[in-house]
Amino acid sequence: MPVSAEPTSARPGSGAPEEKGPEYAGRAGAGAGAVPGSEVLRPHAEETFAGELAALAARDDRPRPVRWRLSPWAVATYLLGGTLPDGTVITPKYVGPRRIVEIAVATLATDRALLLLGVPGTAKTWVSEHLAAAVSGDSTLLVQGTAGTPEEAIRYGWNYARLLAHGPGREALVPSPVMRAMAEGRAVRVEELTRIPADVQDTLITILSEKTLPVPELGQEVQAARGFTLIATANDRDRGVNELSSALRRRFNTVVLPLPESAEAEVSIVARRVDQIGRSLDLPAAPDGIDEIRRVVTVFRELRDGVTGDGRTKLKSPSGTLSTAEAISVVTGGLALAAHFGDGVLRPGDIAAGILGAVVRDPVGDRVVWQEYLETVVRERDGWSDFYRACREVAA
């Protein structure tokens with residue numbers, strides 16, 4: 001006998017989730033910044049970009065899978081950006097190969113789960129959030145994977161007060177985000193899947209293959225409604241990784257998110273995200289910040305690749321990943337320094353400490369790598385003398 005997860009959005013007497021009126025209507029905020037007037041530090045994607053989602057939904061005349069808020073074409077446009085016929089500009093959420101996004105969206109339109117794989121900092125979580133927001137209008141059904149994630153986080157738990165008072169029953173069952181997504185036909189996200197213990201990971205096998213979640217205590221099961229899909233993220237570079245079993249891996253379509261191909265693409269990504277984060281934190285825009293952003297990206301790419309940009313000098317690479325996400329953090333921190341303790345202009349001294357912290361994770365080996373890079377590359381590079389002096393000062 002099927003059992004409903006009893007979502008709070010369900011109409012009384014029905015097993016279907018309640019529609020929210022015109023798609024994305026009534027959501028606060030629009031555009032690429034924080035929700036105007038909101039006290040929330042980081043609104044969900046469907047709130048921050050509600051205006052763009054509503055514009056896409058209003059002009060989307062292509063076929064939509066059951067319970068999808070947008071067609072696959074519109075979902076891809078939302079992530080990659082574009083201009084609608086009426087002139088509405090859709091800002092890009094992901095800068096990378098279009099085919100990767102198309103494959104990811106097409107996977108969600110089938111009965112396959114999607115696994116976004118890549119090294120840390122390749123926007124896996126960012127992409128998964130925006131995919132869920134565009135497909136279901138809700139990115140909040142989330143399981144955060146850790147070494148301590150229990151089986152209940154994926155299956156269901158119990159309200160023990162009710163369980164002791166009334167015994168096993170539907171009112172005592174506490175649905176997980178996965179169970180809710182199955183009952184409502186929505187997208188659910190599982191972040192850092194490979195950090196979850198292997199025996200807990202494998203609870204997904206029946207869910208993904210049979211599209212059911214048994215509840216043996218009640219002699220019932222939850223069957224996935226049409227529209228249910230699962231988006232997982234994982235990387236195999238960090239410590240504490242639990243490899244996926246072959247049985248579970250077969251049930252995912254894996255899409256690898258690469259690092260940005262070119263320095264200019266990475267500079268564009270960092271500049272856009274720093275601008276968005278800066279506006280959400282009410283930091284003043286740095287008038288000449290692009291030069292320092294380009295410097296941070298150059299340092300990270302050269303150390304990450306083990307060779308200078310001109311290909312002439314081979315370098316040792318530090319132990320960290322030096323990802324695009326870390327570059328965004330370094331520049332954002334530098335922008336805060338410039339705004340609160342400087343003249344508002346982003347300068348080498350504002351980013352030097354952040355770069356040192358990102359590069360030197362191992363206080364012995366990484367410090368040697370950084371010192372060699374400073375003396376053999378930075379010191380001799382035209383126009384980098386201020387940056388060299390700032391780095392020497394913070395490293396002293």
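**Close-up views of the predicted model**

**View 1. A salt bridge within helix α7 joins Glu184 and Arg180.** Glu184 is buried, its relative accessibility being 2%; buried denotes a relative accessible area under 20%, exposed over 50%, and partly exposed the range in between, computed with a 1.4 Å probe on protein chains only. The model is predicted, so that local features require pLDDT of at least 70 and side-chain atom pairs count only at pLDDT 80 or more, whereas totals for chains, interfaces and linings use all residues. Residues are numbered from 1 along each chain as its sequence is written, and side-chain values use heavy atoms, with hydrogens and water left out. Arg180, at 30% relative accessible area, is partly exposed. The closest N and O atoms of the pair are 3.7 Å apart; a salt bridge requires a side-chain nitrogen of Lys or Arg within 4 Å of a carboxyl oxygen of Asp or Glu. Because Glu184 and Arg180 are 4 residues apart in helix α7, about one helical turn separates them. Helices (H or I, at least four residues) and strands (E, at least two) are DSSP runs numbered from the N terminus.

**View 2. Salt bridges also link separate parts of the chain.** Arg301 and Glu266 meet through their side chains at 2.7 Å, N to O. Since Arg301 belongs to helix α12 and Glu266 to helix α11, this pair ties together parts that are 35 residues apart in sequence. Both Arg301 and Glu266 are buried. Lys316 and Glu372 form another salt bridge, with 3.5 Å between the closest N and O atoms. Here the linked parts are the loop between α12 and α13, which holds Lys316, and helix α15, which holds Glu372, 56 residues apart. Lys316 is partly exposed at 49%, and Glu372 is partly exposed at 36%. Arg98, Arg99 and Glu102 are joined into one network by salt bridges that share partners. Over the whole structure, the search finds 24 salt bridges.

**View 3. Helix α12 is largely enclosed by the rest of the structure.** Of its 17 residues, 12 are buried, including Ile293, Val296, Val299, Phe300 and Leu303. The buried residues of α12 pack against α11 (263-280), α13 (324-341), α14 (348-359), α15 (365-378) and α16 (385-395), contact being heavy atoms within 4.5 Å. For residues 289-305 the expected span is 24 Å at 1.5 Å a residue, in agreement with the 24 Å between the end C-alpha atoms; the expected span is 1.5 Å times one less than the number of residues. Gly306 follows α12 and has a positive phi near 75°.

**View 4. Five strands form an open sheet with parallel pairing, in the order β4-β7-β10-β3-β11.** β4 (142-144) and β11 (252-256) stand at the edges with a single partner strand each, so one side of each has no neighbour in the sheet. From one strand to the next, the twist averages 20°. Helix α4 (residues 98-108) packs on the sheet and touches β3, β10 and β11, its direction making about 165° with that of β11. Helix α7 (residues 177-184) also packs on the sheet, touching β4 and β7, and its direction makes about 160° with that of β7. Axes are lines fitted to C-alpha atoms, for helices over the stretch in contact, and angles between N-to-C directions run from 0 to 180 degrees. Strands count as paired if DSSP finds at least two bridges between them.

**View 5. Strand β10 (residues 229-234) is covered on both faces.** Thr229, Ile231 and Thr233 on one side are buried, as are Leu230, Ala232 and Ala234 on the other. β10 pairs in the parallel sense with β3 (residues 113-117) over 4 bridges, where Leu115 has Ala232 as its bridge partner. β7 (residues 187-191) is likewise joined to β10 by 4 bridges and runs parallel to β10; Ala187 has Thr229 as its bridge partner.

**View 6. Arg273 of helix α11 is buried without a salt bridge.** The nearest side chain of opposite charge is that of Glu129, 7.8 Å away; Lys and Arg count as positive, Asp and Glu as negative, and His and the chain ends are not counted. Arg273 touches Trp126 and Ile328, residues up to four places away in sequence not being counted.
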